[in-house]
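Colleague: I'm new to this one. Can you put it up and walk me through it?

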Amino acid sequence: MTEGPLLKGATIAPARAFTVHITITPKGGAGKTEVANVLEAALSLCGHRPVLIDVDDGNRGLTRGIGKDHVVALNWASAPTDAPNWVRRYASGDAPMIFDLGAGLMSSDLPIVDFLSSVWRLLYNQGAKIVFHCIVSTNAPTSRFIGQILKDYGGFAEVLIVCNDQDRSASFPADITSRENRQLKLDHLAPGLQAVRLLRKAPLSALIAEPMQGYSIATKMIAARVYRFACQLAAASLLDPARLATLEAAAAGVPRLRYTIDQLSDATDDRIGRNARLSKAHRRLVAADLIPSGLLSAAEDYRLAHAAWVERISAM
């Protein structure tokens, strides 16, 4: 793996400030495309127009998820000599860029590795901030690759660790906590909410901006996850905090639930409403300050809320 030195004869454009985000992991299933999607939503809903680059020639998960019209697809046969023309074509203005890499790609000897290294070096020389988002998952506990990325690209790139809590256990490799790199957390997304996300083949920002009928509350919950991640990007100086207002508004009003949303049928507005009603009734029933005279009323509220929830199950 090389740092991709500036190619001989390549033209350096005037300095301009923009950020290049690279999602990377050595093992499939860790969530690199999920992170790329969340980055897209965070940047788009904060007023940017990110360029999405799918570098997973063997899978194209990003392209399949949001549609080829929204993605620049890179071929693994791309050579370093193609880098200057590619940069001139796709890196315009101050638009941020998101590269979604194939799992384990940077450990291969494919031509695309030197091509990417040259592209990132060219962009860096044009004033770009290069940021690697190294994804560490509870389901794919890999961490040694972070040291390799630092060795190969730490001279001109910032390396972040994204802890993707896929199974809600927060059980990440022990050596991750001791690393000095800034760490971002991507919260667990319930399977039912993930199913809502997959109903529409479009960028995640589009789903949040225009929720599908019957899934507005589920969409707010998805937006809330993006908002929490965006706040961390702002803390890492990768987003202007003043731009978070639109995303914050899209995430407002998320209810507390009694049960997780495990399937698509649990994610409708009606069923989330019943879930939230049961949660509220339960909190009232077990509240430490509940006085004896209010116990009967609280118990009745819980009984009715539970009956509505059971009705929801029997109607499925």
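Modeller: Let's begin with a cysteine. This is a predicted model, and in it Cys134 is buried, with a relative accessible area of 0%.

Colleague: How far away is the nearest cysteine sulfur to Cys134?

Modeller: It is 11 Å away, and it belongs to Cys163. Cys134 is in no disulfide.

Colleague: And how many disulfides does a search of the whole structure find?

Modeller: Zero. Take Cys46 too. The closest cysteine sulfur to its own is in Cys231, 8.7 Å off, which is too far for a bond. The cut-off for a disulfide is 2.5 Å.

Colleague: Is Cys46 buried or exposed?

Modeller: Buried, at 3% relative accessibility.

Colleague: Switching topic. How many helices and strands are there?

Modeller: The protein chain has eleven helices and seven strands. The chain has 316 residues, and 48% of them count as buried. Its C-alpha atoms fill a box of roughly 85 × 40 × 35 Å along the principal axes.

Colleague: What order do the strands take in the sheet?

Modeller: S3-S2-S4-S1-S5-S6-S7. It is an open sheet of seven strands with parallel pairing.

Colleague: Which strands stand at the edges?

Modeller: S3, residues 72-73, and S7. Each has a single partner strand, so one side of each has no neighbour in the sheet.

Colleague: What does S7 pair with, and over how many bridges?

Modeller: S7 pairs with S6, in the parallel sense, over four bridges. Val162 stands opposite Leu184 of S7 there.

Colleague: Which side chains of S7 are buried?

Modeller: Leu184 and Leu186, which point to one face. Gln183 and Lys185 point to the other face and are not buried. In a regular strand, side chains alternate between the two faces of the sheet.

Colleague: What about S1 and S4, how do they pair?

Modeller: In the parallel sense, over four bridges. The bridge partner of His21 in S4 is Ile98.

Colleague: Let's move to a helix. Which residues of H5 are buried?

Modeller: H5 runs over residues 144-153, and its buried residues are Phe145, Ile146, Ile149, Asp152 and Tyr153. They cover an arc of only 130° around the axis, so they lie on the same side of H5.

Colleague: Why does that spacing put residues the same way?

Modeller: An α-helix has 3.6 residues a turn, so residues three or four places apart point the same way.

Colleague: Which residues are exposed on the other side of H5?

Modeller: Arg144 and Lys151.

Colleague: And what covers the buried ones?

Modeller: The cover includes strands S1, S5 and S6, along with helix H4.

Colleague: Now the core. Which residues touch the most other members of the largest nonpolar core?

Modeller: Leu193, Leu204, Val226, Phe229, Leu233 and Leu239, out of 50 residues. The elements that give two or more residues to this core include H1, S5, S6, S7 and H8. H8 supplies the largest share, ten residues.

Colleague: Pick Leu233. What is it in contact with, leaving aside neighbours within four places in sequence?

Modeller: Leu39, Ala42, His133, Leu184, Leu238 and Leu239. Another core lies apart from this one. That core has 42 residues, among them Val20, Phe132, Ile149 and Ile161.

Colleague: Ile149 again, from H5?

Modeller: Right. Ile149 is one of the buried residues of H5, and Ile149 also belongs to the core of 42 residues.

Terms used
Residues numbered from 1 in each chain as written. Predicted model: local features only at pLDDT ≥ 70, side-chain atom pairs only at ≥ 80, totals over all residues. Heavy atoms only, no water. Buried < 20%, exposed > 50% of the residue type's maximum accessible area, 1.4 Å probe, protein only. Arc of directions from axis to C-beta. Contact = heavy atoms within 4.5 Å. Pairing = 2+ DSSP bridges. Core = buried A, V, L, I, M, F, W, Y, C linked by side-chain atoms within 4.5 Å.
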